[in-house]
Amino acid sequence: MAYELFKKYKSTLEKDLDINRLNLDEKALSLPAVKHFWVAKMIEAKIEINELEREKKNLFKILSESDEMKEVSFSKDAIQKIFNNSPRVKEINEKIEELKLIVEYLTDVKYVLGRATDDIKNRIELEKAETL
């Protein structure tokens, strides 16, 4: 999942950062919207991580408060071990790890886009100086 999402984001970002003399003004004007798009993607990933963490907590609460667990008197550590080995929790943990990688990538994207603003500004200034 994360690799496909990463490839999609990478491809889209390459288009966003394809800046040349012909599209310099267009890219300069659209960069705030591009930054907003990528920051929104990062926030969406963080929200999804939070939702998965909440789901894990709720699943643990349901398991630890279930009648079956109370009848056999498992310790909290034993319940935690059973919980961590369940297929759904393993799936949630994998998804969280993948999303954390995506958030890390998007954090770097945010930085790159911030630097792109400076690069575009410098290029425009250079073109102005060349025309004088």
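**Exercise 1. Is Phe37 buried, partly exposed or exposed, and which ring does Phe37 pair with edge-to-face?**

Solution. Step 1: take the accessibility classes, which are buried for under 20% relative accessible area, exposed for over 50%, and partly exposed in between (1.4 Å probe, protein chains only). Phe37 is at 36% relative accessibility and therefore counts as partly exposed. Trp38 has a relative accessible area of 2%, so Trp38 is buried.

The model is a predicted one, in which local features need pLDDT of at least 70 and side-chain atom pairs count only at pLDDT 80 or more, while totals for chains, interfaces and linings use all residues. Residues are numbered from 1 along each chain as its sequence is written, and side-chain values use heavy atoms, with hydrogens and water left out.

Step 2: apply the ring rule. Rings of Phe, Tyr and Trp (its six-membered ring) pair if their centres lie within 6.5 Å; planes under 30 degrees apart are stacked, over 60 edge-to-face, and the rest tilted. The count by this rule is four aromatic pairs. One of them joins Phe37 to Trp38, edge-to-face, at 5.0 Å centre to centre and 90° between the planes.

Step 3: look at another pair. Phe60 and Phe83 are also edge-to-face, with 5.2 Å between centres and 75° between planes. This pair links distant parts of the chain, as Phe60 lies in helix 2 and Phe83 in helix 4, 23 residues apart. Both Phe60 and Phe83 are buried.

Step 4: extend the Phe37 pair. Ring pairs join Tyr9, Phe37 and Trp38 in a cluster.

**Exercise 2. Find the salt bridges within helix 1 and helix 5 whose partners are about one helical turn apart.**

Solution. Step 1: set the terms. A salt bridge is a side-chain nitrogen of Lys or Arg within 4 Å of a carboxyl oxygen of Asp or Glu. Helices (H or I, at least four residues) and strands (E, at least two) are DSSP runs, numbered from the N terminus. The structure holds eight salt bridges.

Step 2: take helix 1. Glu14 bridges to Lys10, the closest N and O atoms being 3.0 Å apart. The two are four residues apart in helix 1 and therefore separated by about one helical turn.

Step 3: take helix 5. Glu91 forms a salt bridge with Arg88 at 2.7 Å between the closest N and O atoms. Lys128 and Glu125 meet at 3.8 Å, N to O. Glu91 and Arg88 are three residues apart, so about one helical turn separates them. An α-helix has 3.6 residues a turn, so residues three or four places apart point the same way.

Step 4: look for links. Glu55, Arg88 and Glu91 are joined in a network of salt bridges.

**Exercise 3. What is the nearest side chain of opposite charge to Lys27, and how far away is that side chain?**

Solution. Step 1: locate Lys27, which is in helix 2. Step 2: count charges, with Lys and Arg positive, Asp and Glu negative, and His and the chain ends not counted. Lys27 is buried yet has no salt bridge; the nearest opposite charge is Asp16, 5.2 Å away.

Step 3: list contacts (heavy atoms within 4.5 Å). Leaving aside neighbours within four places in sequence, Lys27 touches Lys15, Asp16, Asp18, Ile19 and Ile120. Ile120 is among the buried residues of helix 5.
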